[in-house]
Amino acid sequence: MELGAFSVSLTVKDIKASVAFYEKLGFAPHVGDAGQNWLVMKNGNAVIGLFQGMFEKNAITFNPGWDHEAQALPHFTDVRDIQRTLREAGIEFEVAADESGTGPASFIVLDPDGNPVIVDQHV
């Protein structure tokens, strides 16, 4: 099962302070808008998303259909197919994608320690 591009989604208290901090670590803005309280930053292949007021906890995120440059892939496993496979494996969902749809969709599962795993398809 191909989950797509990987990133860490961080819940931040002050996005401006967080952007300034991660820039000092060599990260640069990639996609998003800090003015809307979210920004994805990159340092080489390392990708972090900064989200103010959007999530309760830090999470790991996978983006089916995207490469690490947020470019659409010609072939990928659709988020609904991933969800069906996980459901068949007995995984419970905090948020489930509408399996009757197509295109962008997402779901959230929790790992055994309660850490959110977000699978978020944008294509």
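In which helix does Asp81 lie? Asp81 is found in helix α2. The model described here is predicted.

## Helix α2 and Asp81

Helix α2 covers residues 79-88. Asp81, within this helix, has a relative accessible area of 36% and is therefore classed as partly exposed, between the limits of 20% and 50%. Asp111 follows 30 residues further along the sequence from Asp81, and the two C-alpha atoms are 19 Å apart in space.

## Fold and dimensions

Two helices and seven strands make up the secondary structure of the chain. Read from the N terminus, the order of elements is β-α-β-β-β-β-α-β-β. Helix α2 thus belongs to a chain in which a run of four strands separates the two helices, and two further strands come after the second helix.

The radius of gyration of the chain is 15 Å; a compact globule of 123 residues would have a value near 14 Å, so the two agree. Along the principal axes, the C-alpha trace extends over about 45 × 35 × 20 Å.

## Burial, contacts and surface

Buried residues account for 35% of the 123 residues of the chain. When contacts are restricted to residues at least 6 apart in sequence, 48% of them join residues at least 24 apart.

The exposed area of the chain is about 7200 Å², and 53% of that area is supplied by carbon and sulfur atoms. The chain carries 8 positive and 17 negative charges, and the mean positions of these two sets are 7 Å apart.

## Aromatic pairs

With ring centres required to lie within 6.5 Å, the count of aromatic pairs comes to six. One of these pairs joins Phe6 and Phe62, with a centre-to-centre distance of 5.4 Å and an angle of 55 degrees between the planes, a tilted arrangement. Phe6 belongs to strand β1 (residues 5-12) and Phe62 to strand β5 (residues 59-63), so this pair ties together parts of the chain that are 56 residues apart in sequence. The two partners fall into separate accessibility classes: Phe6 is partly exposed at 36% relative accessible area, whereas Phe62 counts as buried at 14%.

The rings of Phe21 and Tyr22 also pair; because their planes stand at 90 degrees, with centres 5.0 Å apart, the arrangement is edge-to-face. Phe21 is partly exposed, at 45% relative accessibility. Together with Phe27, the residues Phe21 and Tyr22 form one aromatic cluster.

## Loop residues with positive phi

Most residues other than glycine have a negative phi. Two loop positions merit attention in this respect. Asn37 is not a glycine, yet its phi is positive, near 70 degrees. This residue is located in the loop between β2 (28-33) and β3 (38-43). With a relative accessibility of 29%, Asn37 counts as partly exposed.

Ala70 likewise has a positive phi, of about 60 degrees, although it is not a glycine. Its position is in the loop between β5 and α2, the helix that holds Asp81. Why does Ala70 count as buried? Its relative accessibility is 18%, and the class of buried residues requires a value under 20%.

Note on methods. Residues numbered from 1 in each chain as written. Predicted model: local features only at pLDDT ≥ 70, side-chain atom pairs only at ≥ 80, totals over all residues. Heavy atoms only, no water. Rg over C-alpha atoms; globule rule 2.2 N^0.38 Å. Buried < 20%, exposed > 50% of the residue type's maximum accessible area, 1.4 Å probe, protein only. Contact = heavy atoms within 4.5 Å. Areas by Shrake-Rupley, 256 points an atom, 1.4 Å probe, with all protein chains shown as cover. Lys, Arg positive; Asp, Glu negative; His and termini not counted. Charge placed at Lys NZ, Arg CZ, Asp CG, Glu CD. Phe/Tyr/Trp six-rings, centres within 6.5 Å; stacked < 30°, edge-to-face > 60°.
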